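Me: Could you take a close look at one cysteine in this model and its surroundings? I would like to hear how it sits in the fold, and what lies around it.

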Amino acid sequence: AQLGLLASSVICLWRAAASVRVRPVAVPFASVLVAAITRELDGPLDRISHGVWKFPAWGAVTLGASYVVTHLDEVRESIRALVGSRAIGLCAAALFVVLIESRILGRQDVWSSALGASYVRVVPRLVEELSELAGYGLLLMGCA
């Protein structure tokens, strides 16, 4: 489900890139999401070689960063035009949920303190994955 939400977000950004106003933000943001997809595929990619997912992920981020560097003025103007939009608010909330909240709620020490002797590793893992799923859902809404 996470991969589906991320891929759908990339598709929305790809379609949004047809707009000259949005393209300077959509292209680098899509590259970050492609890196996130690659990170979510670390399990299958680790069968090839441990940590191999990093190479395509860094490649995607590097392409996005080079786009920003070569189109810096357009990126700034696009950000100014999009600030305050619902899309930016949803994407910011999604990034908060995925990058911060899911990590905090998925911490073993938080759950072992809360559950004591009833602690089971699957609980923080489940909460972290469900939080990420919710964040990716918010992200798709923002990208759409």
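Me: Is Cys91 buried or exposed, and how far is its sulfur from the closest cysteine sulfur?

Reply: Cys91 is buried, with a relative accessible area of 10%; buried here means under 20% relative accessible area, exposed over 50%, and partly exposed in between, with a 1.4 Å probe and protein chains only. Please keep in mind that this is a predicted model, where local features need pLDDT of at least 70 and side-chain atom pairs count only at pLDDT 80 or more, while totals for chains, interfaces and linings use all residues. Residues are numbered from 1 along each chain as its sequence is written, and side-chain values use heavy atoms, with hydrogens and water left out.

Now to the sulfur. The closest cysteine sulfur to that of Cys91 belongs to Cys143, and at 4.4 Å it is too far for a bond. A disulfide is a pair of cysteine sulfur atoms within 2.5 Å, and the count by this rule is zero. Seen from the other side, Cys143 is in no disulfide, and its nearest cysteine sulfur is that of Cys91, 4.4 Å away.

Cys143 is itself buried, at 9% relative accessibility. Setting aside neighbours within four places in sequence, Cys143 is in contact (heavy atoms within 4.5 Å) with Ser9, Cys12, Leu13, Phe29, Leu33 and Cys91.

That brings us to the largest nonpolar core, which has 17 residues. Such a core is a set of buried Ala, Val, Leu, Ile, Met, Phe, Trp, Tyr and Cys residues joined through side-chain atoms within 4.5 Å. Cys143 is among the residues with the most contacts inside this core, together with Leu6, Leu13, Phe29, Leu33, Tyr136 and Leu139. At least two core residues come from each of helix H1 (2–16), helix H2 (23–40), H6 and helix H8 (122–143). H2 gives the largest share, five residues. Helices (H or I, at least four residues) are DSSP runs, numbered from the N terminus.

Helix H6 covers residues 86–105, and Ile104 has its place there. With 47% relative accessibility, Ile104 counts as partly exposed. Ile104 also joins Leu95, Phe96, Leu99 and Ile100 in a nonpolar surface patch, with about 460 Å² of accessible area together. Patches are made of residues with over 30% relative accessible area and no salt bridge (a side-chain nitrogen of Lys or Arg within 4 Å of a carboxyl oxygen of Asp or Glu), with like charges joined within 9 Å and nonpolar side chains (Val, Leu, Ile, Met, Phe, Trp, Tyr) within 5 Å. The areas come from the Shrake-Rupley method with a 1.4 Å probe, and for residues only the protein chains shown count as cover.
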